Amino acid sequence: MLHIEDPYIRTYDERMEEVLKLIPLISSEWTNVTPSDPGITVIENLSAFSALQGATIGAMPYEARLRLLAMTGFRPKKGKCARVLLSSDSLEEPIEVKSGERFFLGNLCFETNRRETLGKHHILGVYSKWGDEFQDVSFLTNREFNVPCRIFGDRPRQGMEIYIIADSLPEAGKEMLFYMDVEESGDRNPLEDRTENYFSSMRWECYTVRGFKPMRSRDYTGAFLMSGELKLKMPDAKANRFLNAPKEGYCIRGVLEKADYDIKPRLFSITGFLFEVWQKNTRSVCQTFQKSSGIEIVSPFRDAEYMMVFGKEEKGSSYRRYELSASGQGKGRLCHFVRNAPGFFSLSFSKEDFGYEPERLKDAIKVVLYSEEIMRRYNVGRVMGYDNQELELPLKSIVPDSFCLIAKRLDQNGEELYDFVRPEKKDDECLYYHLLETDGKIVIEDPGDFTGAELFIGSIAVTEGDRGNIRAGNRLEAPNLPGHPYLYNPGAGTGGSFKEKLDSVISRFRADMRTPFTCVTAEDYEHAVRTAPGLCIKKVKAVMDETENLVRIAIMPGTEEKHPVLSDIYRSVLRARLEQRRLVTTRYILVSPVYVPVNVKGTIYVKHRYGNCAPQIVECFRNAIDYLNSDRNFGDVLRFEDVFQAVEGLSCVEFIYDMSMRPAGSKYVALKDSDIYPAYNCLLYLGDADIETVAVG
């Protein structure tokens with residue numbers, strides 16, 4: 001039912017017309033296609049039933065389709081704000097930023113989620129240590145220097161170290177973020193969990209007053225196998241200066257615990273002490289407090305002061321609205337309001353002065369701050385009481401986690417009550433609604449006790465979805481910080497997306513249904529090997545031996561060796577994967593490639609004006625015979641005609657007088673009519689080239 005393609009568009013008459021056109025193609029003996037024929041009567045009944053059924057399926061509501069998909073484990077992916085890491089190295093002095101501080105790249109807005117100090121720590125130097133010798137690789141901190149560095153040389157070994165020296169480090173228990181830009185292999189399959197890998201691991205330590213102490217870490221680089229972030233948490237002990245490196249300072253050390261790299265790590269850069277920003281633009285924010293005095297408000301809207309204050313006077317009750325009093329005088333639900341600076345305010349409550357104040361409860365006070373745009377349009381509408389009532393919101397592309405409504409209703413004394421209601425929060429007699437964040441609407445499924453209530457925006461932020469996944473190397477502007485500095489993002493933005501639409505969920509479901517899990521055919525085994533997470537698989541060929549119920553699988557890893565073979569790690573990972581997927585009675589063998597050189601010999605007449613073109617001809621032979629770096633797979637026939645035409649097509653070649661190709665050995669190849677037939681596990685490459693060129697003209 002998920003795969004019906006516009007069934008309601010095709011009418012009964014269209015279906016009958018299509019069937020009648022097919023009858024002569026199916027049967028030459030069926031010549032009576034008038035309504036009097038019993039076969040036509042049967043077809044008419046079936047077509048009518050198909051049209052009715054198709055129309056019913058086509059009219060299936062959105063929620064029913066979602067629930068059908070949920071039964072198979074497929075649900076729409078939630079929308080997310082893109083996350084970007086920024087470097088504060090360009091700041092001349094440390095700057096404290098508030099939660100919600102804004103950074104801009106063109107019209108894209110990025111915000112912080114917490115208060116922190118930027119530009120407080122800097123990397124002074126980076127060193128790798130092999131044995132007793134330090135290697136200075138501090139150029140990795142210079143983003144203008146874009147040359148890859150083998151951080152552990154050509155032979156990484158267990159116990160090798162990397163030292164990051166800084167002018168200071170955060171306090172005990174605080175986290176640090178680094179970004180490593182690594183030269184990656186294009187053949188490596190993505191890992192399901194980027195904090196794990198099969199080849200390498202590192203232990204991270206910090207030098208403290210009690211010596212080197214271990215740090216908790218989350219390494220998304222796989223010990224420098226992939227570009228990504230490194231998150232480190234300071235140990236409990238206080239950091240101390242380290243004096244035994246080429247440069248003195250506070251020290252973070254990484255120690256290789258496992259170094260079975262399939263590809264040796266090559267780093268472009270290391271950027272440290274980063275902070276997170278999220279691609280969103282907050283238009284209204286709700287802040288919550290417990291105490292009723294000494295409340296400090298920091299507004300993200302420095303050019304606006306639209307504020308509403310609400311307090312809870314009894315446990316479990318709704319909120320009451322409190323008006324602002326700049327003078328601190330009057331009676332009623334008032335709070336003393338002081339403007340300290342643009343965007344900074346103080347609030348205090350006093351039952352003695354005003355007659356009312358919130359109780360000291362969890363979430364006792366809520367302060368809602370509006371931008372001017374939302375303040376003019378913050379009234380959403382009234383709850384009418386019928387199911388699935390739709391209401392338009394003033395914005396689209398909303399961040400779901402940021403959204404909240406304020407419901408205003410009257411108590412039995414006619415006084416106003418306010419409740420803060422989030423989407424899909426199911427409580428007894430509560431307002432239950434869905435947020436259609438992409439379309440900018442809410443759908444009220446159950447009004448509960450809120451029939452007749454007026455709805456207002458409580459908090460709201462918007463996002464640009466995948467536009468926030470910006471490329472690495474941008475300069476983001478911070479117009480509200482002193483000096484209006486620019487901050488650099490060493491890595492690309494990640495995670496930005498809108499909520500997945502139903503059509504996309506259905507497409508994922510169909511693709512999953514077509515993707516084999518259990519290996520039955522040779523193609524199934526090849527797909528399972530080719531997509532093994534974390535491995536570099538360049539070529540794979542599976543051959544079925546039905547007489548022995550055996551599958552032979554030849555695999556070429558995409559590693560750095562000239563003629564790569566399957567390592568023990570590759571075999572272990574692939575066996576674990578195939579054991580889950582093979583049929584119980586089927587055996588398999590993992591086979592390393594066999595590399596056979598092909599020797600060529602020939603006399604080629606070349607055009608006189610091209611001079612010495614023998615190297616160009618040899619290179620043409622190399623490319624035509626190369627099975628390692630081309631699209632040719634295991635066992636593909638190397639045809640003499642193809643190589644002949646490739647060489648003859650060179651602009652410098654007049655004609656080929658004679659040419660021959662011979663494999664070096666016959667165990668894994670066969671020669672038939674000048675064509676070379678390699679075995680299922682054999683790859684060819686150019687061996688000796690004995691080429692004589694003769695100039696013509």
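Start by selecting leucine 435: across from this residue, in strand β31, stands isoleucine 442. (Strands are DSSP runs of E, at least two residues long, helices are runs of H or I with at least four, and both are numbered from the N terminus.) Before you click on, note that this is a predicted model, where local features need pLDDT of at least 70, side-chain atom pairs count only at pLDDT 80 or more, and totals for chains, interfaces and linings use all residues. Residues are numbered from 1 along each chain as its sequence is written, and side-chain values use heavy atoms, with hydrogens and water left out.

**Stop 1: the sheet around Leu435**

Now select 432-436, which is β30, together with 441-446, which is β31. These two run antiparallel and pair over 5 bridges; two strands pair if DSSP finds at least two bridges between them. Add β27 and you have an open, antiparallel sheet of 3 strands, ordered β27-β31-β30. β27 (389-392) and β30 are the edges, each with a single partner strand, so one side of each has no neighbour in the sheet. Ignoring direction, neighbouring strands are turned by 25° against each other on average (axes are lines fitted to C-alpha atoms, for helices over the stretch in contact, and angles run from 0 to 180 degrees between N-to-C directions).

**Stop 2: the pocket**

Show Glu424, His434, Leu435, Glu437 and Lys499. Of the 26 residues lining the second largest pocket, these are the closest to its centre. What is the volume of this pocket? About 930 Å³.

How it was found: on a 1 Å grid over the protein atoms alone, a pocket is an open set of points with protein on both sides within 12 Å along at least five of seven lines, and lining residues have an atom within 4 Å of a point. The volume is the space filled by probe spheres (1.4 Å) set on the points, which are joined across faces, edges and corners.

Next, select α3 (62-71): α3, β30 and β31 each supply at least two lining residues, and α3 gives the most, with 5.

**Stop 3: another sheet, with helices**

Jump to β35 (537-545) and β37 (587-591), the edge strands here. The open sheet has 3 strands in the order β35-β36-β37, with mixed pairing. β36 (550-557) pairs with β37 in the parallel sense over 5 bridges; one pair to show is leucine 550 with its bridge partner arginine 587. Finally, add helix α8 (568-581), which packs on the sheet and touches β35, β36 and β37 (contact means heavy atoms within 4.5 Å). The direction of α8 makes about 155° with that of β37.
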